Amino acid sequence: MMPQSTSTPPRICHDCDGFATATITTGTRSTDGTRTTIRVNCPTCRGLGRTVSVALVHTGK
């Protein structure tokens with residue numbers, strides 16, 4: 001029998017469900033014909049896809 005792991009999985013951000021970054025097309029094209037895109041991060045988790053524990057936020061680590 002294998003010992004069970006005691007580590008807890010990271011909490012997934014409730015606002016983005018773990019899909020923290022989206023690439024959005026602006027509707028324009030660059031000079032070489034490719035579409036111009038921008039990256040947008042989830043404002044809650046700041047692009048991490050998971051929430052940070054309150055203890056880490058207060059200590060700044």
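**Cysteine cluster and strand pairing in a predicted model**

Beyond its neighbours up to four places away in sequence, C16 touches C42, C45 and G49. The coordinates described here are those of a predicted model. Two of these partners of C16, C42 and C45, recur in the largest nonpolar core, which consists of five residues: C13, C16, A20, C42 and C45. In soluble globular proteins, nonpolar side chains tend to be buried together. Within this core, C13 has a relative accessible area of 1% and is therefore buried. C45 is likewise classed as buried, because its relative accessible area of 6% falls under the 20% limit.

The cysteines of the core were examined for disulfide bonds. By the distance rule applied, the number of disulfides is zero. For C13, the closest cysteine sulfur is that of C16, at 3.7 Å, which is too far for a bond, because a disulfide requires the two sulfur atoms to lie within 2.5 Å. C45 is also in no disulfide, and its nearest cysteine sulfur, in C42, is 3.8 Å away. The core thus contains C13, C16, C42 and C45 together with A20, while the disulfide count remains zero.

At the level of secondary structure, the chain has one helix and two strands. Read from the N terminus, the order of the elements is β-β-α. Strand β1 covers residues 21–29, strand β2 covers residues 35–41, and helix α1 covers residues 54–59. The chain has 61 residues, of which 10% count as buried. Its exposed surface is about 5,600 Å², and carbon and sulfur atoms account for 57% of that area. Of the contacts between residues at least 6 apart in sequence, 44% join residues at least 24 apart.

Several residues of strand β2 were considered individually. T37 is located in this strand, and its C-alpha atom is 4.2 Å from that of T25, a residue 12 positions away along the chain. Apart from neighbours within four places in sequence, T37 makes contact with T23, I24 and T25. T37 has a relative accessible area of 46% and is therefore partly exposed. I38 also belongs to strand β2. The C-alpha atoms of I38 and I24 are 5.4 Å apart, with 14 residues of separation in sequence. With neighbours within four places again set aside, the contacts of I38 are A22, T23, I24 and T26. T23 and I24 thus appear in the contact list of T37 and in that of I38.

A nonpolar surface patch is formed by I24, I38 and V40, with a combined accessible area of about 230 Å². I38 is partly exposed, at 43% relative accessible area. V40, which lies in strand β2, has a relative accessible area of 36% and is also partly exposed. Neither value reaches the burial class, because buried residues have under 20% relative accessible area.

Outside the strands, backbone torsions and exposure were examined at selected positions. Most residues other than glycine have a negative phi. D17 is not a glycine, yet its phi is positive, at about 55 degrees. This residue, D17, is situated in the segment before β1 and counts as exposed, with 54% relative accessibility. R46, another residue other than glycine, has a positive phi near 60 degrees. The position of R46 is in the loop between β2 and α1, where R46 counts as exposed at 72% relative accessibility.

H14 is found in the segment before β1. Its relative accessibility is 72%, so H14 counts as exposed. The C-alpha atom of H14 is 9.2 Å from that of C45, although the two residues are 31 apart along the chain. C45, unlike the exposed H14, is buried.

Definitions and conventions. Residues are numbered from 1 along each chain as its sequence is written. This is a predicted model: local features need pLDDT of at least 70, side-chain atom pairs count only at pLDDT 80 or more; totals for chains, interfaces and linings use all residues. Side-chain values use heavy atoms; hydrogens and water are left out. Helices (H or I, at least four residues) and strands (E, at least two) are DSSP runs, numbered from the N terminus. Buried means under 20% relative accessible area, exposed over 50%, partly exposed in between (1.4 Å probe, protein chains only). Contact means heavy atoms within 4.5 Å. A nonpolar core is a set of buried Ala, Val, Leu, Ile, Met, Phe, Trp, Tyr and Cys residues joined through side-chain atoms within 4.5 Å. Accessible areas come from the Shrake-Rupley method with a 1.4 Å probe; for residues, only the protein chains shown count as cover. Patches are made of residues with over 30% relative accessible area and no salt bridge: like charges are joined within 9 Å, nonpolar side chains (Val, Leu, Ile, Met, Phe, Trp, Tyr) within 5 Å. A salt bridge is a side-chain nitrogen of Lys or Arg within 4 Å of a carboxyl oxygen of Asp or Glu.
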